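Trainee: Before I use any of these descriptive labels in my own notes, I would like to go through them with you and see what each one rests on.

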Amino acid sequence: MKKVLSLVMVMTIFFASAFTPKTTSVHEVDADIVDLAVSTEFLSTLVAAVKAGDLVGVLKGDGPFTVSAPTNEAFAKLPAGTVENLLKPENKAQLVAVLTYHVVPGKVLSSDLKNG
C-alpha cells in the first residue's frame, strides 16, 4: 500500500509540474548597465576598469548598450599583472580600447547571435 501511495504522489507531482506554465520572457529592469554591474560582486574588476577608463558616464548615457561583461574569473585568467598594468593612468587609452571592444550599441540578445 505504501508503494502505491508513493507512486501516486510521484505521478501527481510529475503531472502538476508538466502542466505548469513556463515563461521565457526577458524581464526589463530600471537600472542601467553600470548600476547592474556595481550590484554584481563577480563584476567588481570590470567596475574598477570602467571607472579607471572614465567610461561610467558613457555607459550611463544614451543607450541601449549590450556589454559582453568579463567576470572577475575571466580577468583572473589574464597573465599576472595585466589588469594592474591596464588600470594605471598612463595606460588609459589601451584600457578604453579593450573595454569598448566588449560593448555593442543597441540591445542584442543571445538569440540574435549566429554561429560563425
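Mentor: Let us begin with how an angle between helices is defined: axes are lines fitted to C-alpha atoms, for helices over the stretch in contact, and angles run from 0 to 180 degrees between N-to-C directions. Keep in mind throughout that this is a predicted model.

Trainee: With that settled, what are the angle and the axis distance for helix α3 and helix α7?

Mentor: Helix α3, residues 44-52, packs against helix α7, residues 92-100, at an angle of about 125°, and their axes are 9 Å apart.

Trainee: Why is α3 called oblique to α7?

Mentor: Angles of 65 to 115 degrees count as roughly perpendicular and those over 145 as roughly antiparallel; the angle here is about 125°, which falls in neither range, and therefore α3 is oblique to α7. The crossing of the two helices, α3 and α7, is left-handed.

Trainee: Which residues make the contact between α3 and α7, and how do they divide by character?

Mentor: From α3 come Leu 46, Ala 49, Val 50 and Ala 52, while α7 contributes Lys 92, Leu 95 and Leu 99. Of these residues, six are nonpolar, none is polar and one is charged.

Trainee: How do you know whether Val 34 is buried or exposed?

Mentor: Buried means under 20% relative accessible area, and Val 34 has 9%, so Val 34 is buried. This residue lies in helix α2, residues 33-38, and, leaving aside residues up to four places away in sequence, Val 34 touches Val 56, Leu 59 and Lys 60. The C-alpha atoms of Val 34 and Val 47 are separated by 7.6 Å, although the two residues are 13 residues apart along the chain.

Trainee: And what makes Asp 54 exposed?

Mentor: Here the cut-off for exposed is over 50%, and because the relative accessible area of Asp 54 is 52%, Asp 54 is exposed. Asp 54 is found in the loop between α3 and α4, the latter being residues 56-60.

Trainee: What is notable about the phi of Asp 54?

Mentor: Most residues other than glycine have a negative phi. Phi of Asp 54, however, is near 55°, a positive value in a residue other than glycine.

Trainee: How many helices and strands does the whole chain have, and in what pattern?

Mentor: The secondary structure comes to seven helices and two strands, which follow the pattern α-α-α-α-β-α-α-α-β along the sequence. Of the 116 residues, 16% count as buried.

Definitions and conventions:
Residues are numbered from 1 along each chain as its sequence is written. This is a predicted model: local features need pLDDT of at least 70, side-chain atom pairs count only at pLDDT 80 or more; totals for chains, interfaces and linings use all residues. Side-chain values use heavy atoms; hydrogens and water are left out. Helices (H or I, at least four residues) and strands (E, at least two) are DSSP runs, numbered from the N terminus. Angles under 35 degrees count as roughly parallel, over 145 as roughly antiparallel, 65 to 115 as roughly perpendicular and the rest as oblique. A crossing is left-handed if the near helix is turned anticlockwise from the far one by less than a right angle, and right-handed if clockwise. Contact means heavy atoms within 4.5 Å. Ala, Val, Leu, Ile, Met, Phe, Trp, Tyr, Cys and Pro count as nonpolar, Asp, Glu, Lys and Arg as charged, and the others, Gly among them, as polar. Buried means under 20% relative accessible area, exposed over 50%, partly exposed in between (1.4 Å probe, protein chains only).
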